[in-house]
Structures are given as C-alpha cells and as structure tokens.
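Here is a short, informal tour for anyone meeting this structure for the first time. Take a look at the sequence and the model, then read on.

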Amino acid sequence: MASATSPLTCSASDLAPLLGATANATAAAAFLCSRFTAISDRFVDTSYAVDNTYLLFSAYLVFAMQLGFAMLCAGSVRAKNTMNIMLTNVLDAAAGGISYYLFGYAFAFGSPSNGFIGKHFFGLKEFPSPLADYSFFLYQWAFAIAAAGITSGSIAERTQFVAYLIYSSFLTGFVYPIVSHWFWSGDGWASPARTSGPLLFSSGAIDFAGSGVVHMVGGIAGLWGALIEGPRIGRFDRSGRSVALRGHSASLVVLGSFLLWFGWYGFNPGSFLTILKAYGTEGDYYGQWSAVGRTAVTTTLAGCTAALTTLFSKRLLVGHWTVTDVCNGLLGGFAAITSGCSVVEPWAAMVCGFVAAWVLIGCNKLAERFKYDDPLEAAQLHGGCGAWGLLFTGLFARGGYVDEVYGGHGRPHGLFMGGGGRLLAAQIVQILVIAGWVTATMGPLFYWLHKMKLLRISGEDEMHGMDLTRHGGFAYAYTDEDDQSLRAGVMMRKVEPASASPIGQPQFSPSAV
C-alpha cells in the first residue's frame with residue numbers, strides 16, 4: 001500500500017494502447033498522464049503540508065508547557081524567590097534554544113550515524129533534508145527545554161544563576177540529545193524504529209513520548225543537583241524532622257497544572273509526527289488519526305485517575321484535601337503514561353495512573369526519610385513516575401497497536417497482554433542506561449560547580465530571598481510570615497487600609513499577612 005506522500009505514477013506507453021489505434025492516441029496518453037501527474041504531485045504536497053501543520057501545532061502546544069512550568073514553579077516556591085524561578089524558566093528556553101541548535105539536534109538526529117551519537121546537521125547545516133524539516137527541529141527543541149525545566153524545579157530557591165546557565169546548556173546540548181538518539185533516532189541502538197542492525201531483544205525500547213527520554217533525564221539530573229547542594233535552610237529542624245516550606249500560591253500551581261495538561265496533548269499525541277496515514281484499506285475510517293485520538297484519551301484517563309487516587313490517598317494519610325498534592329499526582333500520571341500512551345488500551349491507562357499516584361507518594365516518603373529536599377517534587381514525580389511508565393509499557397502494550405505504530409507484524413509487546421518478556425526486558429535496560437548516563441554526566445557537573453562555589457548561594461542570601469539579593473527587588477509587596485526558615489532580615493508586609501482620612505481618602509499602614 002502506498003503511503004500518503006508516495007506519488008502515483010502514470011506511463012503514456014502503457015496508456016496509449018488502451019485509447020485505441022488512432023493517430024492521436026500517443027499524444028492523448030501523454031496529455032492525460034501529465035494531468036494525472038500534476039494532480040498526484042499536488043496531493044503529495046498537500047500531504048506534506050497537513051503533516052507539517054500538525055507537527056507545528058503540536059510543537060506550539062509543547063512550548064506552551066513552558067508557561068505551565070513557570071506558573072507551577074512560581075506557585076511552589078516562597079514569594080521571596082518568585083522572580084528567580086521565573087527567570088530560570090526563561091533561561092531554560094533561551095539557552096536551550098541556542099545549544100540545541102548548535103549541537104543538540106545533530107547529536108540526537110544527525111543521521112546517518114552510529115548507534116550512540118548523531119553526527120550531522122550541526123547548526124542545521126544542509127537543512128531541511130529528506131529526513132526532516134524545520135518543524136521537526138522545533139518540536140524536538142521544545143522537548144529538550146522541557147527536560148531542563150524539570151531539573152530547575154529540583155534545585156529551586158538556593159542555586160546560583162550562573163549554575164543555571166551552565167547546566168541548562170549542557171543538558172540540552174549534550175546529555176539529553178544522546179539519550180533521545182538512543183531511543184528515538186532510526187540509528188539508535190535501542191530504538192524500536194531502528195533501520196539498520198538488530199533490535200534490542202528483537203523489540204527495542206518503547207518510549208513513545210518520553211517517560212524516560214524526557215522525564216527520567218530531567219528528574220535524575222535534578223536529583224543529583226539537589227543532593228549535592230543539600231536541602232534549603234529550615235527544611236529539616238535540628239532533630240531531623242521535616243518542616244514544610246510551602247509554596248506561596250496554590251492558585252499559580254493550579255494554573256500551571258492546567259497549562260501543562262493542555263500542552264500534554266501536543267506532547268503525547270503530537271509524537272506521532274504525522275497524522276495523514278492509513279492503517280488499513282485506503283479510504284477506511286481507521287488510521288493514524290484514530291491512534292492520535294486514542295493517545296489523547298489514554299493521556300487524559302491516566303492523569304485523571306492519578307489525581308483522584310492522590311486526592312483520596314492524601315485524605316486518608318494526612319486528614320485533609322490538598323490541591324497542590326492533587327496537582328502533583330495529576331502530573332505524575334501524565335509523566336507515567338507518556339511512554340505507552342500510543343500502544344495501550346484506555347482501561348490500562350487508568351491502571352497506569354493509579355499506580356503512578358502511589359509511586360509518587362512512596363517516593364516522597366523516601367525523600368523525607370533521607371532528608372532530600374526538592375521544592376517541586378520533580379525528581380520523585382518525573383524520575384519515579386517516568387520509570388514506572390516504562391515498566392508499565394512493558395507490561396500492558398497491546399500487540400496490534402505496537403505493530404501499527406512501529407511497523408511490522410507480531411512484534412514483542414506487553415507481558416500481561418501475551419507478548420512475552422522481551423519488551424519488558426528492553427524497558428528495564430532503558431531505565432538502567434538512562435539512570436547511569438545522567439548520573440555519569442550531570443553528577444560530576446554539579447559536583448564541579450559545587451567545588452568551584454558556583455552552585456549554591458550564601459546562607460544570608462538564601463534567608464533574605466534571591467529576588468532581593470540577586471534580582472534587584474521582590475516580585476510582590478509581601479512575603480509569607482509563616483516562612484520558618486526566616487529568622488532575621490527583610491520582612492515584606494502587605495499594605496492594607498487602616499482608617500479613612502478626613503477628606504475620605506484611606507491612610508495606609510503596614511500589617512502582617
């Protein structure tokens with residue numbers, strides 16, 4: 001069956017005999033074939049336009065997730081560090097854009113190459129090519145900066161600005177692209193779409209939209225950053241007990257979560273890259289457009305299930321309903337389903353979300369036990385739930401969907417779906433190599449920054465807040481008075497009307513929040 005972008009051919013020599021033995025038969029055949037070819041070319045052009053428009057729209061949705069990250073981060077930190085965390089989110093996109101353009105894309109998708117690293121298209125030289133267009137670059141860049149944004153949340157409220165510049169460029173320009181080459185490039189050694197050489201366990205590791213490639217990479221990088229620089233001042237008391245340093249705005253957390261939810265419809269369904277592709281007979285109602293819709297549904301159900309599971313679980317564990325925990329649970333479900341969203345049934349997605357909520361709760365308990373401080377729970381959420389998502393795909397991937405999405409017939413699929421253990425083995429290998437690679441690259445980088453005194457700000461600056469000490473002023477006119485890490489220094493207070501003046505104008509005086 002010809003693909004949507006394959007041109008249809010017409011031969012005048014084959015058509016002429018069908019027009020009869022007339023003097024003008026050859027000329028008529030040539031004319032008809034020229035018209036047919038023109039129509040075929042226009043159809044191919046339209047197919048490329050439709051698919052690239054779909055990919056560009058998906059890229060815009062994924063980039064909109066940066067706004068979601070910014071709002072989520074801002075709401076999850078204390079008011080005195082709001083400007084700092086917002087600036088780092090801008091930096092992730094800006095510095096990541098340059099580094100991914102110069103090096104990252106080439107390392108990730110610079111085919112032809114070896115199984116470890118790409119080696120073409122540095123600075124988009126000789127681009128576009130038959131392999132990819134500019135829309136594909138933009139889409140992949142949006143993924144790269146998402147990984148950097150995850151890491152920035154783990155080390156928030158205590159990290160020097162220069163450290164953000166260094167790690168963000170290194171992560172998006174080298175560490176992340178290598179991982180995406182392994183699992184997403186046609187040359188990657190563990191890619192299920194590998195075009196040369198044997199597949200890993202005759203399967204390849206299925207990570208459709210990046211539970212491992214994006215979320216585990218960002219989460220593990222953040223884990224090492226937060227471990228090396230240590231917890232925030234006041235996060236644990238002298239006896240080692242946990243002290244909650246709550247974010248200053250639940251409203252921003254909810255807003256950011258909804259923006260991320262919206263962007264995830266570009267993150268997961270958009271990873272098909274094309275939409276105009278039939279799976280069965282040409283003209284059938286069922287095709288890649290159906291798989292795109294199914295992927296959006298599985299994404300939705302996993303997030304919803306994780307949110308509700310977190311809601312009732314936290315009610316039982318702590319005795320009240322907590323909106324920020326529910327938002328984190330929601331995002332944990334999304335991070336987990338990202339790997340298998342295209343190859344599982346909707347009911348399986350609900351299983352994924354249910355388990356993801358408990359994975360996040362368990363990881364947070366471990367973090368508290370070992371005095372690990374992550375203001376956004378980024379390492380637990382993206383690292384822990386991302387790893388569960390890879391295992392989930394190895395257990396629940398449906399064979400028919402795997403064949404449709406990745407091509408072939410009778411490919412290894414989920415263990416619980418009768419597909420044997422080869423896919424699950426490939427998924428375990430992916431978890432191990434991502435953890436090892438990020439540890440071997442980002443761990444030494446953060447340690448070097450720490451030794452060079454470029455990683456963590458001073459205790460005095462941290463107490464006063466990075467907005468005041470590093471960015472020239474506060475984002476708001478007040479700070480939270482229940483900030484238990486604040487022992488001395490500047491106290492910002494909300495300004496409220498105290499009494500009316502004789503001429504009817506209110507006089508203002510400071511009062512505590």
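## A loop with some odd backbone

Let's start with Glu126, which sits in the loop between H3 and H4. This is a predicted model, and in it Glu126 has a positive phi of about 60 degrees even though it is not a glycine. Is Glu126 buried or exposed? With a relative accessible area of 64%, Glu126 is exposed, because anything over 50% counts that way.

The loop between H3 and H4 has other things to show. Pro128 is found there, and the peptide bond leading into it from Phe127 is cis, with omega near 0 degrees. Pro112 belongs to the loop between H3 and H4 as well, and the peptide bond from Ser111 to Pro112 is also cis, again with omega near 0 degrees.

Now jump along the chain to Lys453, in the loop between helix H13 (422-451) and helix H14 (459-464). Lys453 is not a glycine, yet it has a positive phi of about 60 degrees. Lys453 counts as exposed, at 67% relative accessibility.

## The chain as a whole

Stepping back, how many helices and strands does the protein chain have? The count is 15 helices and two strands. Of the 513 residues in the chain, 53% are buried. The chain exposes about 21700 Å² of surface, and carbon and sulfur atoms supply 66% of that.

Contacts also reach across the sequence. Take the contacts in the protein chain with a separation of 6 or more: residues 24 or more positions apart account for 72% of them.

## How far to trust it

The mean pLDDT of the protein chain is 88, and 85% of its residues reach 70 or more. The stretch to watch is residues 494-513, where the pLDDT is below 50. In the model, that stretch has 27 contacts beyond near neighbours in sequence. Where pLDDT is low, the predicted coordinates should not be read in detail.

## Residues that link the helices

Here are a few places where parts of the chain come together. Ser257 is found in helix H7 and is buried, with a relative accessible area of just 2%. Which residues does Ser257 touch, leaving aside neighbours within four places in sequence? Its contacts are Leu72, Cys327, Leu330 and Leu331. Ser257 and Phe69 are 188 residues apart in sequence, but their C-alpha atoms are 8.0 Å apart in space.

Phe69 turns up again with Asn89, a residue of helix H3 (residues 82-109). Outside its neighbours within four places in sequence, Asn89 is in contact with Gln66, Phe69, Ala70 and Cys73. Asn89 counts as buried because its relative accessible area, 5%, is under the 20% cut-off.

Tyr60 is found in helix H2. At 48% relative accessibility, Tyr60 counts as partly exposed. The C-alpha atoms of Tyr60 and Gly266 are separated by 7.7 Å, although the two are 206 residues apart along the chain.

## A closed cavity

Rolling a probe the size of a water molecule over the atoms shows where empty space is left. Searching the whole structure turns up one cavity of 30 Å³ or more. The largest cavity holds about 90 Å³ of space.

Which residues line the largest cavity? They are Phe69, Leu72, Cys73, Gly149, Ile150, Gly153, Leu331, Leu376, Ala378, Leu381 and His382. Helix H2 (25-76), helix H4 (134-154) and helix H11 (378-396) are the elements that give two or more residues to this lining. Sorted by class, the lining has eight nonpolar residues, three polar ones and no charged ones.

## An open pocket

The second largest pocket contains about 1000 Å³ of space. It is lined by 35 residues, and the closest to its centre are Ala244, Arg246, Thr324, Asp325 and Glu377. Two or more lining residues come from each of H2, helix H7 (250-267), helix H8 (288-318), helix H9 (323-337) and helix H10 (346-369).

Which helix gives the largest share of this pocket's lining? That would be H10, with seven residues. The lining of the second largest pocket divides into 14 nonpolar, twelve polar and nine charged residues.

Note on methods. Residues numbered from 1 in each chain as written. Predicted model: local features only at pLDDT ≥ 70, side-chain atom pairs only at ≥ 80, totals over all residues. Heavy atoms only, no water. 1 Å grid on protein atoms, 1.4 Å probe; cavity = no way out; pocket = protein on both sides within 12 Å on 5 of 7 lines; lining within 4 Å. Points joined across faces, edges and corners; volume = space filled by probe spheres on them. Helix = DSSP H or I, 4+ residues; strand = E, 2+ residues; numbered from the N terminus. Nonpolar A, V, L, I, M, F, W, Y, C, P; charged D, E, K, R; others polar. pLDDT = per-residue confidence, 0-100. Contact = heavy atoms within 4.5 Å. Buried < 20%, exposed > 50% of the residue type's maximum accessible area, 1.4 Å probe, protein only. Areas by Shrake-Rupley, 256 points an atom, 1.4 Å probe, with all protein chains shown as cover.
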